[in-house]
Amino acid sequence: MTVARVTTSRRSFLGHSYSLVGVVAALVILAWMLVAILAPYIIPHSIGDIVDDDYFGPMRQGLWLGSDYLGRDMLSRVLMGARYTVGISLAAVFIACFSGVVLGMTAAVTGGWLDACLSRFLDAMNSIPSKLFGLVVVAAVGSSIPALILTLAVIYTPGAYRFARALAVNINTMDFMTVARVRGENTAYLIGSEILPNIIRPVLADFGLRFVFIVLLLSGLSFLGLGLQPPLADWGALVRENIGGLPFAAPAVIIPSLAIASLTISVNLLIDNLPQKIRDRDA
């Protein structure tokens, strides 16, 4: 009976088996991506306009998510908050994973002193608590968008490096790598044509997990007041600035929290429900 239920909950498409949970999670992620792209064109009010005479107003027609602590439209601010949360996190995770994966593969193929120096340096970086490092750097250089992106990327590059290097070291010991070296192939060829195609699936899964970590860290920094500065706001900043509405169960503090949860949980569910051929290295 259990096997039958599991089987009926999955559908086959292009040779892969997809679960309903994974499809729903992918649709939620896609929806937030579209909101992030189209936010300036679909918000009903400017994010700085005061449109309500009351603060922490309830949901009603014209103010579908209520108003914030100044009477601004929360729907507009949440939609624009998606643009900053998703945009900053995506930029940071792209930089972190690209840098970490390239350095990890290079260290695995080259070995020797380069591998030792990179590994020890990035291990030292990885030993610093991420939130503490982010607080110190952002407090020192400011909380502009480029500074936030670079800070988040630096924090998560060591983890991406360790993950990619561990995968690449295993691939580097295989026979086809020896054959490629005997043929006289250079390091760039070994990395791009031999190692990367064999580790790309777990690297993509790791990309999703690091995206979740960065969203949560960015939200945490913003909640502590070191994220985007007013009138700009990501979801963490929206929670912080409307925290006074918590005793009233104001939508202004609940909705941004639900937005963070919906994005991060959906990414985790999508990764957990990826087809085995995509998720597993040996499939």
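1. A good place to start is the stretch covering residues 84-113: helix makes up 97% of this part of the chain and strand 0%, with 40 Å between the end C-alpha atoms. Please keep in mind that this is a predicted model.

2. That stretch appears in the UniProt record, in an unreviewed entry, as a "transmembrane region". The same feature is placed there at residues 20-43, 133-156, 207-228 and 248-271 as well. For residues 20-43, the model gives 96% helix and 0% strand, and the end C-alpha atoms are 31 Å apart.

3. Now to the packing. The largest nonpolar core contains 50 residues, and W32, V78, I88, L152, W235, L263 and V267 are those with the most contacts inside it. At least two residues of this core come from each of helix 2 (20-42), helix 3 (74-110), helix 6 (145-172), helix 8 (187-223), helix 9 (235-241) and helix 10 (251-272). Helix 3 is the biggest contributor to this core, giving 12 residues.

4. You may also want to look at a second core, separate from the one above, which has 15 residues. V109, L167, L190 and I191 are among them.

5. Which residues does W32 touch, once neighbours within four places in sequence are set aside? Its contacts are then A82, W235, A259, S262 and L263. Two of these names, W235 and L263, also appear in the list of residues with the most contacts inside the largest core.

6. The W32 and W235 contact deserves a point of its own. These two residues form an aromatic pair, with 4.8 Å from centre to centre and 65° between the planes, and the arrangement is edge-to-face. The pair joins distant parts of the chain, since W32 sits in helix 2 and W235 in helix 9, 203 residues apart. W32 has a relative accessible area of 15%, so it falls under the 20% cut-off and is buried. W235 is buried too, because its relative accessibility is 0%.

7. How many aromatic pairs turn up in a search of the whole structure? There are five. Besides the tryptophan pair, one of them is formed by Y55 and F56, again edge-to-face, at 5.7 Å centre to centre with 75° between the planes. F56 counts as buried because its relative accessibility is 15%. Y55 and F56 also belong to one aromatic cluster together with F248.

Methods:
Residues numbered from 1 in each chain as written. Predicted model: local features only at pLDDT ≥ 70, side-chain atom pairs only at ≥ 80, totals over all residues. Heavy atoms only, no water. Core = buried A, V, L, I, M, F, W, Y, C linked by side-chain atoms within 4.5 Å. Buried < 20%, exposed > 50% of the residue type's maximum accessible area, 1.4 Å probe, protein only. Helix = DSSP H or I, 4+ residues; strand = E, 2+ residues; numbered from the N terminus. Contact = heavy atoms within 4.5 Å. UniProt positions renumbered as here; feature names shortened; annotations may be inferred. Phe/Tyr/Trp six-rings, centres within 6.5 Å; stacked < 30°, edge-to-face > 60°.
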